[in-house]
Each structure stands twice: as C-alpha cells, then as structure tokens.
Amino acid sequence: MSDEVRERLAWVAVDWGSSHLRAWGLDERGEVLARGGSDKGMLALAAEDYESALLETVGDWLPASGRVTVWICGMAGARQGWREAAYLPLPTRLDELARGAVAPSLRDARLEVRLLPGLCQHADAAERGFDVMRGEETQLAGLVAWEPKFSGLVCLPGTHAKWAWLEGGEVRRFATYLTGELYGLLAGQSVLRHSVADAGFAEPGCREAFIGAVREAADAPGRFSQWLFGLRAADLLDDTLPAGEVRRARLGARLSGLAIGLELGGVRHDLASVPITLIGSEALCERYALALEALGHASRRLDGEAAVLAGLGLARGGA
C-alpha cells in the first residue's frame, strides 16, 4: 500500500467467518482503499491467534504511528472466537449494535479493535423459536443505513439462511433455515451423491426442474423425503431424462428446488404483497428470486459485501 493510501486510511472493516476472513481498508468517506482476506477463520484459530491473523491481512495498511480502529462482525465475537460479544436480545435496533461491541486485549499499539455482537431470540407464544445470528445482523444494519426506517421481510440466503422481520429499523423476530447445509449434505454425503451435480441452470431443463420442485415442496412439504429418494429412482429408471452430466445437473437443480421450496413453505404465510429484500451473493440471490417468483412473490436484491460495509460503517458512526 502506498504512503498516500496509508495517510487516507480512516478505519478497517472485517467480516470474520468460520472459515475465512475478509477485510477492507476505508477512508473517512467510506471509499474502499484496499481489500484483503485469508482462510484463517474461527475454526482455524485459538483466541491468542486472532491478532496475528488480522495483522497478516491488514498490517501493511497501517501507518507507522497513530491508531486505526478495526470494526469486526462475525465469528470473531463468538464464544469460541477472539472474545465473546454477547448476543443482543430482540427487539434490537440495528443502528445500536455498537452498544454491544467489546474490545479484545491487543499487543500492537496501532490497533483498536471492536467486535460486534450477534442477535438472539427466545421462544415465546408468538411462533418465535430459539434462534441466533452472528454476522447477518450487520448486513441487516447495512440495509438500515440505506433505509433508516425500513419495515419488511428480509432474506439472507446462505448455508444457514436467515429470514428477518423488521419494523422501523428494528429486528422484531427472525428464523434460520439449514437449507444450504442440508443441500450440501444430501448432494455430497447421501445416496443422492451418485445422481446429482450442481451446474447451476446452464444445462437445458435445469431451470424448469428447479421451478417445478420449488412449487411441489412448498405446496406439500410432508412429501419432501419421498421426493428426495425419487431423485435416485429417477436416475435409475427415467428414460426421458438426458444422459451423463446433463442428467446429473437436472437432478441437482431439482434437489436445490426441493430444499429451497421446503424453506419457502415454512415462511409462506408471511410472504406479503410487498417485495422481499434479498441480501447476499448474486448467484444465490438469483436462485431465491426465481423460487419466490415461482410462488408469485416479487423480490429485490442488495449486494452482500456492500451491506456488510454499510452496516459496519453504521456501527462505527453510532459508537
């Protein structure tokens, strides 16, 4: 990094997950000056390793003197992370996440670190079950940074997909679905691994297979397990399916549609006439948008990285 960029560096944003960390160096206006990352996520680190792992990624950005504040969301604040930032209970205003931030002990005098908390939900009579999130709350805060009084339903697709109900910039309840992990286990470790492949919708017939499976699982979730085994049976018996990788891709698209359709069936009674906001990667959000469209619901997408940066910026501004 050039001396000019070091002089402009105002703060550092970090999204620290279980398997990776992503970091951005920003100026006072929020312009990204530098990007970095590593595969040293929470699962690869002990508490005493976090500072050195952070410096490996951002050390070259830091000026020779002075102190730079680093705002971190995600698993670094988990109980097994750098230092626990306790979950904030619902309801929680997303412009007040900084009130739950904690500061770990540091050796390098150039760093000032703040670890953001996650959110927790206790079961009650309003159909809310026990649930937690850590990291996604910062993306939701990014939405509130752009739309301070936002009210509506937000979906954050991923390994553990989150659905959050916001009112006036406050999280009122949320629900987590194990959809991405379920798909990965079924496609990679079950008997279905012999029959499916994830090729997106590039192969002919995959889009249609996905849409049909979404509708079936959402309409009759009790048959989900039956339809899963039907994928294997179709691979063995269905002469109308194409051969080779096209066959595997089409069955993989159907598996994805069944998993996402089962999830959408769980929130279907909450899907209102207003658009659902999707926050995340382009590819995964496009798949969810197609699934929602198949059930007659509109959606819009916000970029996941931009939401993280906006959320961390909102926390920094409210500190």
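Leaving aside its neighbours within four places in sequence, which residues is Leu 258 in contact with? Keep that in mind while you look around; the tour ends there.

**Start with the whole chain**

What you have open is a predicted model. Show the protein chain as a cartoon and you should find nine helices and 14 strands. Turn it about: the C-alpha trace spans about 70 × 45 × 30 Å along its principal axes. The radius of gyration is 21 Å, which agrees with the value near 20 Å that a compact globule of 319 residues would have.

Now switch on the surface. The protein chain exposes about 14,500 Å², and carbon and sulfur atoms supply 50% of that. Buried residues account for 49% of the 319. If you colour by charge, you'll pick up 34 positive and 43 negative side chains, with the centres of the two sets 2 Å apart. As for how the chain meets itself, take the contacts between residues at least 6 apart in sequence: 63% of them join residues at least 24 apart.

**Next, select a sheet**

Pick residues 88-89, 119-121 and 131-133, which are strand 5, strand 8 and strand 9. Together they form an open sheet with the order 5-8-9 and mixed pairing. Strands 5 and 9 are the edges, each pairing on one side only. Zoom in on strands 5 and 8: they run parallel, paired over two bridges. To see a bridge partner, click Leu 88 and look across to Leu 119 in strand 8.

**Then helix 4**

Select residues 179-189 and find Leu 182 in this helix. Is Leu 182 buried or partly exposed? It counts as partly exposed, because its relative accessibility is 29% and the buried class stops under 20%. Now draw a distance from its C-alpha to that of Ala 259: you'll get 7.6 Å, although the two are 77 residues apart along the chain.

**Last stop: helix 7**

Select residues 244-267, the helix that holds Leu 258. With 0% relative accessibility, Leu 258 counts as buried. Show its side chain and you can settle the opening question: beyond its neighbours within four places in sequence, Leu 258 touches Ala 213, Ala 217, Phe 224, Trp 227, Leu 228 and Leu 231. Before you leave, add Val 214 to the view. Its C-alpha is 5.3 Å from that of Leu 258, with their positions 44 residues apart in sequence.

Terms used: Residues numbered from 1 in each chain as written. Predicted model: local features only at pLDDT ≥ 70, side-chain atom pairs only at ≥ 80, totals over all residues. Heavy atoms only, no water. Helix = DSSP H or I, 4+ residues; strand = E, 2+ residues; numbered from the N terminus. Rg over C-alpha atoms; globule rule 2.2 N^0.38 Å. Buried < 20%, exposed > 50% of the residue type's maximum accessible area, 1.4 Å probe, protein only. Contact = heavy atoms within 4.5 Å. Areas by Shrake-Rupley, 256 points an atom, 1.4 Å probe, with all protein chains shown as cover. Lys, Arg positive; Asp, Glu negative; His and termini not counted. Charge placed at Lys NZ, Arg CZ, Asp CG, Glu CD. Pairing = 2+ DSSP bridges.
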